[in-house]
Each structure stands twice: as structure tokens, then as C-alpha cells.
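Let's take a walk through this fold together, beginning with the sheet and ending at the ligand. Keep the structure open beside you as you read.

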Amino acid sequence: KTKLIIDCDAGIDDAQAIMLALARPDAEVLAITCVSGNTEVDHVCRNVLRILTICDHIEIPVYRGCTKALVDHGKHAKFYHGLDGLCDLKGLPEVDMNLIQTEHASCAMNRIVGENQGKITLICIGPLTNVAVALRLNPDFGKQLKKCVIMGGNTEGQGNIEDGSAAEFNFHFDPEAAYMVLHELSCPITTFSWEAVLQNQYPWDWLKRILNIKTSKAIFHSTILRTSLDKHNEWQFPGYSFCDPTVVAIALKETIVTKSRDVFATVELQGRLSRGQMVSDSRNLQKTPPNVKQALEIDRDLMMEMFSSVFEERSDS
Ligand code: BDR
Ligand code: CA
């Protein structure tokens, strides 16, 4: 089994990603760490407990991490995820916040990775603040990881922030943390950029079939997706786009990436419209060795098969 730590800012698509990881027989989720991003970190913690409750995995330890970005405080993604990160819905599971571990997320990451040297795949589906702090606590943190798969960054400079900037949300929220991770983590890093999300969309009919399944997990999933689907309609995306769940799939099955490029990439820290943008030296003009593998194309049939199986495994309602 692949041993995972999932660092998230749940978040609708973080919820989908966690549900996918929990349903996979080839994955063992050792910890879920929470960071401020789509919403405040306490909401993130609550949402993770809700997801674990729905998926019958409340035994997995959840850690509270950084409440703010390293330098300036990014803006939460209320326009898409609501104020509480799961669209401010009534009727989601009640949870006991005392279940949140007292150890800080960045300390927990370091401890668990130290106890499992070379065996942990770190899945990052939120801003990279917790990971950057883990690195500052222990410069060897990255060297002790097996690999790191990140939802974030760009390949062409197309953003997904309300203000129209060129950066992807997770990198835009904490550019310094993203910079540190790309420059210092020193383990194999795969990124799935916002442009790659747009280039790998899924048929609406396929999603509709999942939304019509009536198990408790599937009902939770369709409920939290409802308002975000209105946004997809508004933006007139030709298909459904998956951010965070794709990163889980890449972490578990590298062959799901059918096209990629190895490149040296950094993060713009200045710039009125480009702060947080990932900048790739695709012509290798700087003669610097690649520090990331950028996933460009996904085997979408395989992704659909993996995600469908989350909801088809049992009929419990
Ligand atoms: C990323 O931003 C967040 O809103 C999503 O959860 C995803 O991790 C996509 O840019
Ligand atoms: Ca996320």
C-alpha cells in the first residue's frame, strides 16, 4: 500500500480527493493535515472530520496547521466553496472538534515522515504553508519523503482567482511557501497545474450518473457539489473539471499521467497580476536541472473508473 499524508484546505474538491484516497485498497492514509486556504483552518478541520465520518474512517488522525500564509494573508475562496468550505450547507454531519490532534500539522508531518523514512507520499491539495514550515523545522524533511504530488501552479500563466491574476489559487494564496517547496523540498515533485485541470475535463453525463447514486457517501458528495456546479454552468466549461482528486490518482498510479514534462520551475513573488504564478524554464535557458514533473495529460478513462468506484463499492441506504 502507498502510505499517504494528505495536506488539504477542504474544500469541495479536497473532499472528493479524500474520499477517493479513503476508498482505495492500494492506499493507507496515515494523517490528514489542515491548512488555511479555501476557508479558515478551523473550518477545514471540521470539514475533514465530516468527510471521515461519512467514509467511516474517523480513526485517521487530523492535525490543525497554519492559520495564515507565510507573508501576507491570502483571500479565502468563498465565491466557490462558501464561507465554511463546504458551501454553508445545513444537515452535514455533526462532529466533535476535540478529535483534532493537539500536535501542529507541520510537526506531525515531520514526525510521521521521520518514522517512515523514504516511504511517505505527501499529497498537497491546499496552499503549501504547512509544508514550508515543516521544511523550516527540519531541512531534511523533503529528503525523507518518497515523493510529493501537488495541486498547484501554472504551465501557461492562466489563473483561477476572482481578481483575474495569472496565478493558480494554492500558489497565489501562499507564494513564498510554494517557492520554498519548489526550491528546497528536494524529493521527486509532480505538479498538476490549473491549465492541466482545464485541459483534462470529464463528460457531464458521467458525472450525472454519479450524482444520481443513492448511497450515503454519494448523497453527501452530490450535496456538497450542488452550488459549485452552478459555477461550472456559469463559466460554460465544456466538461467537469477535477483538481484535487486527480492529484490523489497521480500519487497512487503514476501511469495515469499520459503526458508530462520535466522542467525547472519557480514562483513569481513580485508582480501585480503575476504574484504566485509558477514560471517554467521550458527551453532550459537557465541550464538548471529540472525540479518538477508537470503532469499535462491524464488517462481520463482510468480517472473516471477510479473515481466512480468510490461510490459504487456498496449500497448502504
Ligand atoms: C485549487 O484551489 C482550491 O480552491 C481547490 O481546492 C484546489 O486545491 C485549484 O486551484
Ligand atoms: Ca484544495
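**The sheet and what surrounds it**

In this predicted model, eight strands line up as an open sheet with mixed pairing, and their order is β3-β2-β1-β4-β5-β6-β12-β9. At the edges sit β3 (62-64) and β9 (257-263), each of which pairs on one side only. If you step from one strand to the next, the twist averages 25°.

Now zoom in on one pair of neighbours. Strand β1 covers residues 2-8 and strand β2 covers residues 27-34; the two pair in the parallel sense, with seven bridges between them. For a concrete landmark, find Ile6, whose bridge partner in β2 is Ile32.

Next come the helices. α1 packs on the sheet, where it touches β1 and β2. The direction of α1 makes about 165° with that of β1. Helix α4, made of residues 105-115, lies across β1, β2, β3 and β4 (120-124). Relative to β2, helix α4 runs at about 155°.

**Around the ligand**

Which residues come nearest to ligand 1? There are 14 residues around ligand 1, and the ones that come nearest are Gly11, Ala77, Met151, Phe169 and Cys243. Two helices are worth picking out here: α1 (12-23) and α6 (169-173) each supply at least two residues of the shell. So much for position; what about chemistry? Sorted by class, the shell around ligand 1 contains six nonpolar residues, four polar ones and four charged ones.

One element ties the two parts of this tour together: α1 touches β1 and β2 of the sheet, and α1 also supplies at least two residues of the shell around ligand 1.

Methods:
Residues are numbered from 1 along each chain as its sequence is written. Chains are lettered from A and ligands numbered from 1 in the order in which they are written. This is a predicted model: local features need pLDDT of at least 70, side-chain atom pairs count only at pLDDT 80 or more; totals for chains, interfaces and linings use all residues. A residue is near a molecule or strand if its C-beta atom, placed from the backbone, lies within 6 Å of it. Helices (H or I, at least four residues) and strands (E, at least two) are DSSP runs, numbered from the N terminus. Ala, Val, Leu, Ile, Met, Phe, Trp, Tyr, Cys and Pro count as nonpolar, Asp, Glu, Lys and Arg as charged, and the others, Gly among them, as polar. Two strands pair if DSSP finds at least two bridges between them. Axes are lines fitted to C-alpha atoms, for helices over the stretch in contact, and angles run from 0 to 180 degrees between N-to-C directions. Two residues are in contact if their C-beta atoms, placed from the backbone, lie within 7 Å.
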